[in-house]
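Here's a quick tour of the model, starting with one side chain and working outwards. Have the structure open as you read.

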Amino acid sequence: MASKAGSKASSGQGAAAKKGGTKKPKGKQSGKGKGAQAAPLFPVREDEKPWTTAEIEELRQELENDVRRALNDLKTAEEDLQGLIWDAGDGSGDDQADAGAKTYEREQELSLANISRDKLEQVRHALDRLADGTYGVCEICGQAIGKFRLQAAPRATLCRSCKEKTERG
Ligand SMILES: [Zn+2]
């Protein structure tokens, strides 16, 4: 799909002190060809079963759909916004109320665009984490976020307790 070359290569290499992650045994792994291969790269909580590649694949697809959706929303919002800006140009005859409504509308579109942009950012971040093998690790405490939680919220980057802490401020 249309993968725009990521504008900012945020992952500076300094932090990439490898934890032995990059090695991928590409050779034959004497798997029994049972289909449900384990994907041990990604952590789970103690009471959860390891991820299977199928489950990871499902999450990836969900995230990729999210990217498409967010891009679409963003495009729509930006086009609407553009229209509103053009509109504002020839609004000489508008009365006060009209002008107010247009400002309001523009603010709505702006915040929609911002929401889509944030979402896009988060989804891309999740996909990056899938790609570099850090997916599923809480970005604050380093524990497993948990399969259950990720399947409900594939973009999550924090475990539940860290998330709750940040929300409490
Ligand atoms: Zn945590």
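## Leu120 and its partners

Setting aside neighbours within four places in sequence, Leu120 makes contact with Val67, Ala70, Leu71 and Leu74 (two residues are in contact if their C-beta atoms, placed from the backbone, lie within 7 Å). Leu120 itself sits in helix 2; helices here are DSSP runs of H or I with at least four residues, strands are runs of E with at least two, and both are numbered from the N terminus. This is a predicted model, where local features need pLDDT of at least 70, side-chain atom pairs count only at pLDDT 80 or more, and totals for chains, interfaces and linings use all residues. Residues are numbered from 1 along each chain as its sequence is written.

Is Leu120 buried or exposed? Neither, quite: Leu120 counts as partly exposed because it has 17 C-beta neighbours inside 10 Å. The scale runs like this: buried takes 20 or more other C-beta atoms within 10 Å of a residue's own, exposed takes 12 or fewer, and partly exposed lies in between, with C-beta atoms placed from the backbone.

## Across to helix 1

Arg69 is 51 residues from Leu120 along the chain, yet their C-alpha atoms are separated by 8.8 Å. For Asp73, 47 residues away from Leu120 in sequence, the C-alpha separation is 9.9 Å. Asp73 belongs to helix 1 and is partly exposed, with 17 other C-beta atoms within 10 Å.

## Helix 2 end to end

Helix 2 covers residues 96-132, 37 in total. At 1.5 Å a residue it should span 54 Å (the expected span is 1.5 Å times one less than the number of residues), and the end C-alpha atoms are indeed 54 Å apart. Just after the helix comes Gly133, with a positive phi near 85 degrees.

Along helix 2, the buried residues include Glu109, Ser116, Val123, Ala126 and Leu127.

## The core and the overall fold

The largest nonpolar core has 13 residues, and Leu63, Val123, Ala126, Leu127 and Ile145 touch the most other members. Helix 1 (53-89) and helix 2 each supply at least two residues of this core. A nonpolar core here means buried Ala, Val, Leu, Ile, Met, Phe, Trp, Tyr and Cys residues joined through C-beta atoms within 7 Å.

Zooming out, the protein has four helices and zero strands. Buried residues make up 12% of its 169 residues. Of the contacts with a separation of 6 or more, 53% join residues 24 or more positions apart.
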